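User: I am new to this structure and would be grateful for a short introduction in questions and answers.

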Amino acid sequence: MTFNALKLNVSVNKTPLLNDISVEFQAGSLTGIIGPNGAGKSTLLRVLAGLQETQSGDVLLESTPIGNISKKLLAQKISYLPQSTECHWPLTVERVVSLGRFPHQTGAYLSSDDIKAVDDACDKADIAHLIGRPINQLSGGEKARVMLARTLATQADIILADEPIASLDPQHQLEIMTLLQSLARAGKTVILVLHELHYAIRYCDKLILLNKGLKVCDGESSSVLSTQNLQNIYAINSISGLHQNTPWVLPWASLDKK
Amino acid sequence: MDSLSDLLNTRKERRLGVFLILLSLMLFLLSLFVGEFNLNIINIIEGLSKDNYNIDSVVFQHIRLPRSLLAIIIGASLGLSGAALQGLLRNPLAEPGIIGVSASAALGAVLVFYSGLSLTFPLALPLGGITGALLSVTLLYLLAGRNSSVLTLILAGVAISSLAGSLTALALNLAPNPFASMEIFYWLMGSLSNASMEHVWLLVLPTVLGWWLIFQSRHALDVLSLGEDTASTLGINLATLNKKLILGTALCVGAAVSVSGGIAFIGLIVPHLLRPLVGHRPSSLLFVSAVAGAALLLFADIIVRLLPTQQELKIGVLTALIGAPFFLRLILNSRRAWAS
Amino acid sequence: MIFQRFFLLLIGLYTCFFSTVLFAKPQRIVSLNLCADQLLMELLPPQRLVGVTNMARDPDISFSYQKAKDYHAHSGRVEEIIALKPDLIVAGQFTSSASNQLLETLGYPVIKIGLPYTMAGIFEQIEAIGKEVNAEVAAGSLVNNFKRRLAVLNKKKRQAPLLRAIVYYANGYSAGQQTIVNEILNVAGFTNIAAEEGLIGVAPFSLERLVTSKPDVLILGELTNNESSLAHRLLQHKAIKEMINVGQVEKILVPDRLWNCAGPSSIAAANYLIKLP
């Protein structure tokens, strides 16, 4: 399944948010979109999800612009997990997760396949023990995992997630990143917006670095998160290294703007 | 612990639905036979044939039956539209009375009624109500739909209610008929007295259409709990959904108010009480709110008929007497949550 | 000293003036009330009754609308009334209008007439007013005229068994005991169902009670152009039409002007009901 963005230009209220962005996403890979605040990361993700209109440019799924694909079909192929974990009504956990099956349902009926998918998603996101509880009684981290389970329940080929581990404790951060990586290995296209550079460099096969609406570079994680890029784009000094043959990076000091 | 498929099924809700239907039927029968005059059932049954048509038949077919049917239709519309508006605006306080939809519908109906238009073209009356309702729901959605803050919604509702109410009073004052200006109370408070079968026929088409539009959207309302962005990525066309809900609500509330005046609070009380019983799911709430709304209005109407007041109490007064304190309690309990 | 005498002189003059006003017979009378208009027009010529309400000329509500053309009509405003230079003002007992009170404060004598609900009451009122406005002779002959016509009516009207009638107004009101309508119905030879059921005054009478009261005669107001109100729509309710069909009820439409006042119109109303000229 090929999925790519071609020359995206987005402005809202005459403010340019994305400038001529082109990216290719591979099936079976975990791609991270990174960059400082206001770089346009969430905007790019929203465009990929079909939520944001572009002034020019296209998002192509198997060479078809997503605007030409029916909403229902698109929803079966692309799953989107936003930053906010809002659920307006205090639904129970399993009900929330089952909402992820909506693109596959006709009417209210949940087939045994649907129920299996919900079960599976709850296991993967480690929230099976929370089933039956209303979502508003859960902690921030638990809510985030329920929302992730909802995304997984759709069993879409492409998963878009906006800062999925931001409110999680370290254990769950590691578990979710491992989960997302394994989903990518299983053939899905996983695209994340991340702030956590140490996870980006460790788990992502490819990184896209944005700054002020422009694509600075994309490619293999360590090369994107080079000391130079971190200095120029993030304005920080960092330290880095290798552990168990996996690169790590740690922000160390802020560079003075002067 | 229940299995996942048990939790995801709707058996409990179906039971609730059946219970409410039986309750409504019972109240319907009660409503048919409660009144100042004790009807003789035998006379009524005999009176079904033209030859044996008698006074009991007249009272039953032309006074009791239309009134009871209107209570069901209007009560269901009010309960359903309350639940629908709450799902659409993602706000538990949305209710046609509180947010000014009923007042706007009344304005539309008043303009049509007192100008004499509805005498030549009877359908103009519900159409007037529907137009008024449509304008206000659209306005409310534009003002407060995106931003689901309680404060914005209530303020918009207050503004629309006041404007519609004062325009209605003005229209009634300017109306040529001398009784008109005294009838404002009827339009703002609502009443089912003097209902006739003509009213029932006027309502049927727009009401059923409105109900259908709303029911069609029930699953999308569940998904809408996750916010508009997520709902859109799950395949929901937001524009179509909003239009269906707005139009559906306007149709059934507008038509109802054009016949009975603005009966308030049913759409607030009923969904609020039933929501915990259906797991807070908007989709399940719609049907049970409709049936419970019918039951509640039937009940209130029976009481109004039994009260020993010289002139029959306007039913809206009764629903407000129950509903307003209920509303206050809601506010008190959730003050902190809504302060943001 | 001088001031004391001046003051006494003033008091003296004032008392003279006042007693002149009090004890002289009124020559210029203004009426502020439709029912008073009709009564006074029977007793006084236009030279003496210098002002009637502008409602007196309205054929929908005034029985003496033709007679009123000869009289000057005022709009009810105090300045206009004062300009007519009245020495007596006749108003309705239950209209506690600001105009009445203002006129009283300004020193004009105001007498208030009530709404009698029997024929005897009407006769008493005519005679009392006749005394007040210095038209006792006219009052006496008016009363005698009425008594004559009442006797004629008595002979012509239906004897037992009396027909059962009910009056139904817009908004679902009927006239029960202690109303002039009730008296007129009795005088015309009907039983008033509303009075039978214990209704007092003009009071609400529900549609259901109306339909189940099984009247022989249903009396409604005459239709005007303006039927667009909920109050009027009630009179067109299907149940009333069905009741008329099922019970073979006779429907009589009575113009409001015949019995919205108790007085000269009342005999005409009774005659109308039994279709006498």
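The exchange below concerns a predicted model and treats chain A before its contact with chain B.

User: How many helices and strands does the secondary structure of chain A come to?
Analyst: Both kinds of element occur in chain A. The count is nine helices and twelve strands.

User: What is the radius of gyration of chain A?
Analyst: For 258 residues the globule rule gives 18 Å, and the value for chain A is close to that. Chain A is therefore as compact as a globular protein of that length. Its radius of gyration is 19 Å.

User: What percentage of the residues of chain A count as buried?
Analyst: A residue counts as buried when its relative accessible area is under 20%. Among the 258 residues of chain A, the buried share is 52%.

User: What area is buried between chain B and chain A?
Analyst: The contact takes 33 residues from chain B and 32 residues from chain A. Carbon and sulfur atoms give 69% of the buried area. That area is about 2,900 Å².

User: Which side chains meet in a salt bridge between chain B and chain A?
Analyst: The count of salt bridges between chain B and chain A is one. Its N to O distance is 2.4 Å, which lies within the 4 Å cut-off. The side chains are those of B:Asp229 and A:Arg46.

User: How many residue pairs are in polar contact between chain B and chain A?
Analyst: The count takes pairs with both residues at pLDDT 80 or more. Between chain B and chain A it comes to seven.

Conventions. Residues are numbered from 1 along each chain as its sequence is written. Chains are lettered from A and ligands numbered from 1 in the order in which they are written. This is a predicted model: local features need pLDDT of at least 70, side-chain atom pairs count only at pLDDT 80 or more; totals for chains, interfaces and linings use all residues. Side-chain values use heavy atoms; hydrogens and water are left out. Contact means heavy atoms within 4.5 Å. Buried area is the accessible area (1.4 Å probe) that two parts lose on being put together, summed over both. A polar contact is a pair of N or O atoms within 3.5 Å; within protein, one must be able to donate a hydrogen and the other to accept it, and residues adjacent in sequence count only if both atoms are side-chain atoms. Helices (H or I, at least four residues) and strands (E, at least two) are DSSP runs, numbered from the N terminus. The radius of gyration is taken over C-alpha atoms; the globule rule is 2.2 Å times the number of residues to the power 0.38. Buried means under 20% relative accessible area, exposed over 50%, partly exposed in between (1.4 Å probe, protein chains only).
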